[in-house]
Amino acid sequence: MDIFDRRYAEAILRYALRLESGDVLSINTEEENSAFAHDIAELAKEITGNGTFIQTIENGKVVSGEEACTDYPIDRKPTALLYIPVYQEYDQIDGERALTVPEIQRFRHLADPLDNPLPSIAFAAAPVPSDAWGMMIDSDGGREIPASFISSLLSLEDDDFIAHLKENEDLLIYERNELNRLRLTKCHIEDENGTDITFSFLKDSVFATTVTELASGRRFVPTVFSSDIFRALDPFSAEGYITSSRPFMLFGKTAGSFSASFCDGAMTDFSMNENDAELMNLYLSLDQNGKRLSELSLSEISSEASDIDYMALPEWDRMRTVSLTMGGPRPESLRDGGSGANDSITSLSIPVGTDSTTITCTDENGEEFVIMDDGFIREDF
């Protein structure tokens, strides 16, 4: 295992999953990433003292399984789950036929069910650098591009990178708690790039992060990297217009230069180049609620993700800056079932933040707070 793989494996197990002595890890992987899965099983053995279940999947189905790094059968159920996907190459989409749910999921536009139950054990999905991923970002690129992104996001060149990640996480949790303390109800975003929009937060929602906590108090990071704070919106409240500030993925293609107007929460018109517009129209045709703004996501310009223009991985790309999501919101910010949340099978996050973005919110008493400006969440609410 080279130094990158070793440190990435350390970040996955010691930071994202928080493995401890006595835990049992289960890995789902594809044959292409089998060697990395076994390297992780070796490291898991050092941490937990136990072997690891490894299941090889093909076309979404388990085709083989083994108990790795153990001389005897594992007699406990898994206490942590890891998925190591292969980055998919995206073929030209046929917009003349209806897409199936698995196809929407393959293009990373499938929304999470709003009634997702709280997790009972830690889990994470850890993408592995590949030539296919690198070429998605740059036609002449290769594995080294996503490898450099992962190294930057997780500060892998820093010998104390685990402590650094946990410090950033503690700050993120603190900022989330402070935002929730304000009991905000309405929001206005404006900047010099062409965004000026107002909306209300969903009544049964709170600010949340991708850092997840089990009932036991154990934290884990399902996306391995985390730098965002997000909250669901009233899907009928958005008024104004937005302009994209970074590229984003749309049906496996890189889209940009997007602007749109919203009224009563729904997109009324948009502008982008002809090829991208065809894909946007396809997205809008999948679900009538896919055109409604459903979520605000905040990420500071000091985040390790902010210096990266495009990662071709939507779950990380929405952490580069302030983003607004159309379609279904993530269920983590919903409370009491998220009554009134936008129930859509599709989801698409649009980056809108710049270093001139100002976000002003109003609390339930009508008092205004500037919660973000110059790319930073304010400390003096």
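## A buried pair: E295 and R330

Both E295 and R330 are buried, and their side chains meet in a salt bridge, at 2.7 Å from N to O. This is a predicted model, so take the distances as belonging to that prediction. E295 sits in strand 17 (residues 293-298) and R330 in the loop between strand 18 (323-327) and strand 19 (347-351), so the contact ties together parts that are 35 residues apart in sequence.

## Other salt bridges

Side chains of opposite charge can pair when their charged atoms come close. The count for this model is 16 salt bridges. One of them joins D159 to R7, with the closest N and O atoms 2.6 Å apart. That pair links distant parts of the chain: D159 is in the loop between helix 5 (144-153) and helix 6 (161-181), R7 is in helix 1 (residues 3-16), and their positions lie 152 residues apart in the numbering. Is each partner buried or exposed? D159 counts as exposed, because its relative accessibility is 65%, while R7 counts as buried at 17%.

R183 and E364 make another salt bridge, and here the closest N and O atoms are 2.9 Å apart. Again the link is between distant parts of the chain, 181 residues apart. R183 belongs to the loop between helix 6 and strand 6 (184-191), and E364 to the loop between strand 20 (358-363) and strand 21 (368-373). R183 is exposed, since its relative accessible area is 53%; E364 comes out as partly exposed at 48%. There's also a network of salt bridges, which links R6, E10, R14 and E46.

## The open sheet

What is the strand order in the open sheet? Its 8 strands run 16-15-12-7-6-20-21-22, and the pairing is antiparallel. The edges go to strand 16 (266-271) and strand 22 (376-377). Each of these has a single partner strand, so one side of each is left without a neighbour in the sheet.

At the strand 16 edge, the partner is strand 15 (residues 259-263), and the two pair in the antiparallel sense over 5 bridges. If you want a residue pair to look at there, S261 has D269 in strand 16 as its bridge partner.

## Cysteines

How many disulfides does the model have? The count is 0. C187 is a good case to check: the nearest cysteine sulfur, that of C361, is 3.5 Å away, and C187 is in no disulfide. The reason is the cut-off, because a disulfide needs the two sulfur atoms within 2.5 Å. C187 is also buried, with a relative accessible area of 4%.

## Positive phi in two loops

C69 is a residue other than glycine, yet its phi is positive, near 60°. You'll find C69 in the loop between strand 3 (61-68) and strand 4 (80-84). With 23% relative accessibility, C69 counts as partly exposed.

R108 is the other one to look at: it is not a glycine either, and has a positive phi of about 65°. Its place is in the loop between helix 3 (101-106) and strand 5 (122-125). R108 counts as partly exposed too, at 27% relative accessibility.

Technical notes:
Residues numbered from 1 in each chain as written. Predicted model: local features only at pLDDT ≥ 70, side-chain atom pairs only at ≥ 80, totals over all residues. Heavy atoms only, no water. Buried < 20%, exposed > 50% of the residue type's maximum accessible area, 1.4 Å probe, protein only. Pairing = 2+ DSSP bridges. Helix = DSSP H or I, 4+ residues; strand = E, 2+ residues; numbered from the N terminus. Salt bridge = Lys/Arg side-chain N within 4 Å of Asp/Glu carboxyl O.
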